[in-house]
Amino acid sequence: MSNESVQFYYPSEETVKNAAVSGMDAYKALCAEAEADYEGFWAKRARDLITWKEPFTQVLDESNAPFYKWFADGKLNVSYNCLDRQIEAGKGDKVALIFEADNGDVTKVTYKELLVKVCKMANLLKAKGVQKGDRVVIYMPMTVEGVVAMQACARIGATHSIVFGGFSAQALRDRIIDAGATMLITSDGQFRGGKALPLKAIADEALAMGGCDTLKGVIVFKRTGMDVTMVAGRDEWLHEGMASQPETCEPEWVGAEHPLFILYTSGSTGKPKGVQHSTGGYLLHAILTMKYTFDIKDNDVFWCTADIGWVTGHTYITYGPLACGATEVVFEGVPTYPDAGRFWKMIQDHKVSIFYTAPTAIRSLIKASDTNAAVHPKSYNLSSLRILGSVGEPINPAAWTWYHENVGGGRCPIVDTFWQTETGGHMITPMPGATPLIPGSCTLPFPGIQFAVVDETGAELPWGQGGILVCKKPWPSMIRTIWGDDERFVKSYFPADFQGKLYLAGDGAIRDAETGYFTITGRIDDVLNVSGHRMGTMEIESALVANPLVAEAAVVGRPDDLTGEAIVAFVVLKGQRPTDPEATKKMVKELSDWVGKEIGPIAKPKDIRFGDNLPKTRSGKIMRRLLRGLAKGEELTQDTSTLENPAILEQLRG
């Protein structure tokens, strides 16, 4: 992209003047500070932004690389940093959470009230035998109680592991077993789009499968009032358990490296990976990105539309905003209920000033507003907005421009944030008061983060050449290990190809020859990004093959206007493949529903094609690059001479 052909969007003078990072010179100065004294850069911010019970003396411990430790001899508590210290600073009566339910009901919770709820739930967990270091699985809807459950775990030093409320019984069971959880916190159900959907029934199904032997009890939040089965001696209602608990709970002070949470993310080899995050380093980056990327101010109303089941909901709902003493919106519903103007109405009603959502949501709302002027953002008063954000996947330039013009009124900078479950917070992102923006580019690394684009040997490539995205130095909020699998951690993120010294992000990228701006080009492994959620192809293939009708399956992705990437499955059945349209349609639905039940609705393939076999080399390897071409409807120009069965390609063309 030459500077002549690219349109830059510059921050307004007012935005620059008031920003935490004011102008490009300020951004460059931060980067230079980190370059000159890397440990000193992070240590200064850790001392300034976190309240420590016992200050740290050692900054970075590299003695057992790549198992890096940050601020290891310091002691702190995340819940104290999010709640108590805000009250001590005089913010007790400030609204912490504005909860808007699916049906539009609004509840406001102050910092004082939130602390009481957290302490009562923390005391209940302790009364049920949960101790520091125990794992608690949380399978909850987007509610105040979901945030309270996470904060309560942090308060007593228990390590939480959230399972997204859209995941299946099998997925929940696997995560309970892998984490060795002693307690499950769930809900009778959840409201989404005007419907009450079960959660407790799915949790019961997960536990009935067996293997969850470490689990001592189940706490159930009454959200919908639907009928549920309560198992005597195992299950307890949250409201009943909390009623008699004291309103204060002394925080458990833990070492900075204590595991705050485990969050499972799809891997390319089937079994989901339990990403383990620390306490001190993670909290530091959550606070720092709120301050630099979102330029959070005391009078802001911040709204991140993610679910707490994803890392975005951890960092930018449960921890980052509260640790900065901000007011934030927590939303239970979906962007299209009761109509596709829901997001814009909420921004208008709650006077949201910082809005953070996913490109998938933006694209679906563009589509809706094209056909119905009543739900177009311009039909609402969005003048309270000052910063917009994008997360989950690269945002295409057309969606970026629409978002900028129609939601931001052409005046709000868009922070297009690149990061991952494993990184804990933003890694490449604009600074709203500094960075000239280019639609579709996440621009430049966060201060202190050192990214490069390399080839397969780890050699740095010249700007303008596409390659593999890596981070050259450890940073405080990075993944510490894969829970219970150090070997897989090293192999996945610090591969031998790079002498174990470079963090492998798993994405391809290109750095513009003139601007130095980064553009993410997609995953380099077999992980799909569907609506901003990472799905392992192996995981979906395993689910398909578990169906008694399926002999073999291969899953690939193809670009999709709405979800970014769509799942396409190529399936070989044990019996005859259906040939007439009705039978094919029926079989597609059956297998799609099966995957939805095994993993969750998000994993349902958009397209299922049947063949007598799959394209394989003579050594039996499935030629996935050919399947990717077929999925996209491309003319296959690649050499197919190594294929054992070239004729099969025509059958799978669809």
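**View 1. Aspartate 204 and its salt-bridge network.** Aspartate 204 is buried, at a relative accessible area of 19%; buried means under 20% relative accessible area, exposed over 50%, and partly exposed in between, with a 1.4 Å probe and protein chains only. This is a predicted model, in which local features need pLDDT of at least 70 and side-chain atom pairs count only at pLDDT 80 or more, while totals for chains, interfaces and linings use all residues. Residues are numbered from 1 along each chain as its sequence is written, and side-chain values use heavy atoms, with hydrogens and water left out. Aspartate 204 forms a salt bridge with arginine 234, and the closest N and O atoms are 3.0 Å apart. A salt bridge here is a side-chain nitrogen of Lys or Arg within 4 Å of a carboxyl oxygen of Asp or Glu. The pair links distant parts of the chain, 30 residues apart: aspartate 204 is in helix H8 (residues 200-208), and arginine 234 is in the loop between strand S11 (217-221) and strand S12 (235-237). Helices (H or I, at least four residues) and strands (E, at least two) are DSSP runs, numbered from the N terminus. Arginine 234 counts as partly exposed, at 23% relative accessibility. Lys200, Asp204, Arg234 and Asp235 are joined into one network by salt bridges that share partners.

**View 2. Two further salt bridges.** By the rule given for salt bridges, the count comes to 29. One of them is formed by aspartate 298 and lysine 94, whose closest N and O atoms are 3.3 Å apart. These two residues are 204 residues apart and link distant parts of the chain: aspartate 298 is in the loop between helix H10 (280-292) and strand S16 (301-304), and lysine 94 is in the loop between helix H4 (78-91) and strand S4 (95-100). Lysine 94 counts as buried, with 18% relative accessibility. Arginine 173 forms a salt bridge with aspartate 174, with 3.5 Å between the closest N and O atoms. Aspartate 174 is partly exposed at 32% relative accessibility.

**View 3. Trp42 in the largest nonpolar core.** The largest nonpolar core has 122 residues, of which Trp42 and Phe71 touch the most other members. A nonpolar core is a set of buried Ala, Val, Leu, Ile, Met, Phe, Trp, Tyr and Cys residues joined through side-chain atoms within 4.5 Å. Leaving aside neighbours within four places in sequence, tryptophan 42 is in contact (heavy atoms within 4.5 Å) with residues including Trp70, Phe71, Leu284, Leu288, Ile449 and Trp475. A second, separate core of 32 residues includes Tyr380, Leu388, Val407 and Leu437.

**View 4. The sheet S28-S29-S30 and its helices.** This open sheet has 3 strands in the order S28-S29-S30, with mixed pairing; two strands pair if DSSP finds at least two bridges between them. Strand S28 (550-560) and strand S30 (607-610) are at the edges, each with a single partner strand, so one side of each has no neighbour in the sheet. Direction ignored, neighbouring strands of this sheet are turned by 25° against each other on average. S28 pairs with strand S29 (residues 564-573) over 10 bridges in the antiparallel sense, and alanine 554 stands opposite phenylalanine 570 in S29. Helix H16 (residues 537-545) packs on the sheet and touches S28 and S29, with its direction at about 140° to that of S28. Helix H17 (residues 581-598) lies across S28, S29 and S30 and runs at about 120° to S30. Axes are lines fitted to C-alpha atoms, for helices over the stretch in contact, and angles run from 0 to 180 degrees between N-to-C directions.

**View 5. Positions listed as "binding site".** In an unreviewed entry, UniProt lists Arg192, Gly193, Gly194, Lys195, Thr312 and Ser531 under this name. They span 340 residues in sequence, and the farthest two C-alpha atoms are 24.7 Å apart, so they do not all gather at one spot. UniProt positions are given in the numbering used here, feature names are shortened, and annotations may be inferred rather than shown by experiment. Glycine 193 lies in the loop between strand S9 (189-192) and strand S10 (195-198) and is partly exposed at 25% relative accessible area. Not counting residues up to four places away in sequence, glycine 193 touches Asp102, Val334 and Tyr337. Glycine 194 is also in the loop between S9 and S10 and is partly exposed at 45% relative accessibility.
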